[in-house]
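User: I am new to reading models like this one, and I would like to understand the reasons behind the words used for it. Could you take me through them one at a time?

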Amino acid sequence: RSDLLPTLAHDLTLLSHLGLRLVLCFGLRAQVDDHLAMTKEQSEIVNGRRVTDSKALATIIREAGIARNELEARLSMGLPNTPMAGARLAVTSGNYVTAQPFGVHLGVDFKHTGSVREVHIPAINALLDAGHLVMLPPIGYSLTGEVFNVTMTEVATKCAIELGADKLAFFVDSLPVDENDKPLKQASTARVQQLLDNATIPNNNESVADLTNLSEVLQSAVNACHMGIERVHLLQSNDPTALLRELFTRDGCGTMITIDRWEHIRPATIADVGGIIELIAPLQANGTMVSRSREDLEIDIEHFVVSERDGMVVACA
């Protein structure tokens with residue numbers, strides 16, 4: 001989304017200067033669809049993958065170059081009217097994804113569509129160590145010099161797994177919603193997989209294409225979590241503040257997927273006394289609860305249970 005780029009570029013620059021190691025993967029489906037429609041060319045999408053003939057591949061290569069230049073331009077901007085004005089961000093892209101033909105599936109020859117064979121992690125790590133942001137287009141190269149169209153979701157997921165990333169974030173057009181049609185704030189991989197298996201993925205957009213894309217992202221999120229990625233975040237693509245809010249506020253603003261539940265109830269331990277005191281202090285101050293000293297709490301701690309979210313005690317009983 002072009003309207004998201006200015007804010008996203010500033011956020012990525014800020015995160016990089018805070019010491020985060022960033023890999024940015026971008027997709028081209030909307031740009032390619034628009035160009036093919038304008039030239040009256042046909043390009044079929046089957047189960048979320050484009051059947052890439054030679055004309056579609058030429059369009060993808062063209063649009064990848066345009067998108068890369070636009071992203072590099074945006075990421076070259078400083079942060080005006082801030083203490084980081086003039087801060088530079090080094091951006092590097094290259095042939096870091098090796099691909100292989102996706103082949104024939106259910107009688108459909110996907111032609112120049114590929115799947116990720118390997119991500120060149122040592123080269124990417126060297127750039128990250130040098131403070132670069134690494135940018136990966138949805139394109140892979142074969143050992144015989146061919147170019148393949150690969151999905152952004154597969155590139156991002158494979159790269160995150162092989163890098164051992166702490167987080168994997170996707171911008172999506174619509175978030176999954178719960179039974180009350182509210183955006184799903186957190187879900188375990190078991191719950192997401194059940195929704196996928198039952199083909200009952202609730203979302204707040206009725207577009208078949210968006211639902212297919214959301215299913216692909218959700219399945220990738222489940223796979224990534226089971227391969228060692230601690231958290232996968234889905235962010236609303238029309239929210240320019242989503243990235244920083246999701247990363248730096250306790251409640252976030254998107255959907256977070258983890259292997260285990262984010263918030264869970266457990267018996268309290270002596271280490272929780274400080275957190276319990278912070279929770280009950282305002283209630284003791286206004287007379288809602290009887291005042292209890294730290295010593296009283298430490299003596300009775302075995303009778304307490306706490307609700308923990310993201311390593312923080314958020315409720316007790």
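User: Which residue of β14 does F171 stand opposite, and what makes β12 and β14 a pair?

Analyst: In this predicted model, F171 stands opposite L235 in β14. Two strands pair if at least two bridges are found between them, and six bridges join β12 (residues 167–172) to β14 (residues 231–236), so the two strands meet the condition for a pair; they run parallel.

User: How do you know which side chains of β12 point to which face?

Analyst: The side chains alternate along the strand: L168, F170 and V172 point to one face and are buried, while K167, A169 and F171 point to the other face and are not buried. This agrees with a general rule, that in a regular strand the side chains alternate between the two faces of the sheet.

User: Why are the buried residues of α2 said to line one face of the helix?

Analyst: In α2, which covers residues 29–38, the buried residues are V32, H35 and L36. Seen down the helix axis, these buried residues fall within an arc of 95 degrees, and therefore they line one face of α2. As a general point, an α-helix has 3.6 residues a turn, so residues three or four places apart point the same way.

User: What lies on the face turned away from that buried side, and what do the buried residues pack against?

Analyst: The face turned away carries D34, A37 and M38, which are exposed; exposed means over 50% relative accessible area, whereas buried means under 20%. The buried residues of α2 pack against β3 (49–50) and α3. Just after the helix, K40 takes a positive phi of about 60 degrees.

User: What makes a space in this structure count as a cavity, and how many of 30 Å³ or more are there?

Analyst: A cavity is a place where a 1.4 Å probe fits but cannot get out. The structure holds one cavity of 30 Å³ or more, and about 40 Å³ of space lies in the largest cavity.

User: Which helices supply its lining, and how is the lining divided by class?

Analyst: Both α1 (5–17) and α3 (54–75) supply at least two residues of the lining of the largest cavity, and α1 gives the most, with four residues. The lining residues are L5, L8, A9, L12, L24, L71, R74 and L75. By class, seven are nonpolar, none is polar and one is charged; Arg counts as charged, while Leu and Ala count as nonpolar, so the charged residue in this lining is R74.

How values were computed. Residues numbered from 1 in each chain as written. Predicted model: local features only at pLDDT ≥ 70, side-chain atom pairs only at ≥ 80, totals over all residues. Heavy atoms only, no water. 1 Å grid on protein atoms, 1.4 Å probe; cavity = no way out; pocket = protein on both sides within 12 Å on 5 of 7 lines; lining within 4 Å. Points joined across faces, edges and corners; volume = space filled by probe spheres on them. Buried < 20%, exposed > 50% of the residue type's maximum accessible area, 1.4 Å probe, protein only. Arc of directions from axis to C-beta. Contact = heavy atoms within 4.5 Å.
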